[in-house]
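The following note was prepared for a colleague who asked for a reading of the side-chain interactions. Please consult the sequence and the coordinates alongside each point.

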Amino acid sequence: MCLNDGNMRPDVRRMSSKLKNIIKYLLSLSVAAVLMYFCFRGVNWGEFAASLSGCRWWWVGASILVGVLSNWFRGERWREILLPVDERTGRLTTFNAVNIGYLANFVLPRIGEFVRCGVVSKDSRDGKASYDRVLGTVVTERSFDMIVMLLILIAFLAFKAEEFGAFFLDRMWNPLSRSINFSLWWIVAAAVLALAAMAFLIIHYRNRNALAGKLCGFCRGIWDGVISCFRMRNGWKFLIYTVLIWAMYFLMSYTSLRAVPLLDGLTAVDALFLMLAGSLGWVVPVPGGFGAFHYIVALALSTVYDLPFELGIIFATISHESQSVMMAVTGLASYVSETLRK
């Protein structure tokens, strides 16, 4: 006998929800495993280990320290958006929330954005920073980061199109554009229309249906969080923290580059290019960016500089795993911190 969600017992619903999460995690983990296989197949592990042992580990330590600073600046910038929502939002709360969110991304891609909202909303003593409002601030922050990344990429290609334009065009954009066919646009259009119809029904029945009323209130809270950026008292701080965050991202790439002696010939401009290429790897929805980051960065080094793919994997491994260790340690420390504070 089939049961709909409304007739399911609570324990059955919990089991169903856990099963869905397990399936999602296994799918994303499978994608990461496939990408890691393609990255490391054919690698001479003896030479790989020898290259890693010859790295300058003080530069790796510097990269980890810069990564911690980037998380702190991200927490500070996020706090500027949150202050109009709840003026009592603390610095330690936003810093811990950012760290815990990154840690959660290792379990399920993109889940960290929702987890860090929960950390902040639970810390709100008077309930001003409700979950929906905090989620709206995250939407604003991430949208702004996407715009900044595109602006940096456009500016970079405007000055360095001859050296690096072919990689982004031939290796990134062309394969993506070929995969987007006409039928996909119809699917996107249908999804947009479905969302518009759903929004109309929710607004129309908000006063006559309890579920529609709750959904409408939730969406209103998200919108309130999104527009909180227009109520910031110190918008200049938001911009300064944004510059500092991306400066830290560049320094993470540069310090990782300096850690590999075989890449001494590359400059700060090359580090900026690898930062932009690596940013595309972090966007792919796999746990912690594993596999996708390694493949894109190694592909960038082999395509643009005609370097062995294995050397690119070494750089990608140092760059990615140093930040992964940092995220794991700071995430666990922040989780303990928040637990003890409560």
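The numbered points below concern a predicted model and take up its cores, aromatic pairs, salt bridges, surface and backbone in turn.

1. The largest nonpolar core. This core has 37 residues, and the members that touch the most other members are L257, L263, F273, L274, V297, F315 and I318. Two or more residues are given to it by each of α3, α6, α9 (235–258), α10 (268–283), α11 (292–304) and α12 (309–341). For context, nonpolar side chains tend to be buried together in soluble globular proteins.

2. Surroundings of L274. Which residues does L274 contact, leaving aside its neighbours within four places in sequence? The list consists of S253, L257, V297, A300, L301 and F315. Of these, L257, V297 and F315 are also named, with L274 itself, among the core members that touch the most others.

3. The second core. A separate core of 17 residues is also found, and A97, V119, V134 and V138 are included in it.

4. Aromatic pairs. The whole structure yields 9 aromatic pairs. One of them is the stacked pair F156 and F273, with 6.5 Å from centre to centre and 15° between the planes. This pair links distant parts of the chain, as F156 belongs to helix α6 and F273 to helix α10, 117 residues apart. F156 has a relative accessible area of 7% and is therefore buried; F273, at 0%, is buried as well. F273 is also one of the listed residues that touch the most other members of the largest core.

5. An aromatic pair within one helix. F250 and Y254 are stacked too, at 6.1 Å centre to centre with 25° between the planes. Because they are 4 residues apart in helix α9, about one helical turn separates them. Are these residues buried or partly exposed? F250 counts as partly exposed because its relative accessibility is 22%, and Y254 is partly exposed with a relative accessible area of 25%. Ring pairs join W59 to F250 and Y254 in a cluster.

6. The salt bridge between E76 and R91. How many salt bridges does the model hold? The count is 13. In one of them E76 pairs with R91, and the closest N and O atoms are 3.0 Å apart. The two partners are 15 residues apart and lie in distant parts of the chain, E76 in helix α3 (residues 57–82) and R91 in helix α4 (residues 91–105). The two ends differ in exposure: E76 is buried because its relative accessibility is 4%, whereas R91, at 39%, is partly exposed. As a general matter, side chains of opposite charge can pair when their charged atoms come close.

7. The salt bridge between R142 and E113. These side chains meet with an N to O distance of 2.9 Å. R142 is in helix α6 and E113 in helix α5 (residues 111–123), so the bridge ties together parts that are 29 residues apart in sequence. R142 has a relative accessible area of 28% and is therefore partly exposed, while E113 is buried at 14%. Both residues belong to a network in which salt bridges with shared partners join R74, R77, E113, R116, E141, R142 and D145.

8. A further salt bridge. D224 and R231 also form a salt bridge, at 3.5 Å from N to O. R231 counts as partly exposed because its relative accessibility is 37%.

9. A nonpolar surface patch. M146, L150 and I154 make a nonpolar patch of about 290 Å² on the surface. L150 lies in helix α6 (residues 131–179). The relative accessibility of L150 is 43%, so this residue counts as partly exposed.

10. Backbone at D306. Where does D306 lie? D306 is in the loop between α11 and α12. Its phi is near 55°, a positive value in a residue other than glycine. At 70% relative accessibility, D306 is classed as exposed.

11. G118 in helix α5. G118 is part of this helix and counts as buried because its relative accessibility is 16%. The C-alpha atoms of G118 and D132 are separated by 9.6 Å, and the two residues are 14 residues apart along the chain.

Notes. Residues are numbered from 1 along each chain as its sequence is written. This is a predicted model: local features need pLDDT of at least 70, side-chain atom pairs count only at pLDDT 80 or more; totals for chains, interfaces and linings use all residues. Side-chain values use heavy atoms; hydrogens and water are left out. Patches are made of residues with over 30% relative accessible area and no salt bridge: like charges are joined within 9 Å, nonpolar side chains (Val, Leu, Ile, Met, Phe, Trp, Tyr) within 5 Å. Accessible areas come from the Shrake-Rupley method with a 1.4 Å probe; for residues, only the protein chains shown count as cover. A salt bridge is a side-chain nitrogen of Lys or Arg within 4 Å of a carboxyl oxygen of Asp or Glu. Buried means under 20% relative accessible area, exposed over 50%, partly exposed in between (1.4 Å probe, protein chains only). A nonpolar core is a set of buried Ala, Val, Leu, Ile, Met, Phe, Trp, Tyr and Cys residues joined through side-chain atoms within 4.5 Å. Contact means heavy atoms within 4.5 Å. Rings of Phe, Tyr and Trp (its six-membered ring) pair if their centres lie within 6.5 Å; planes under 30 degrees apart count as stacked, over 60 as edge-to-face and the rest as tilted.
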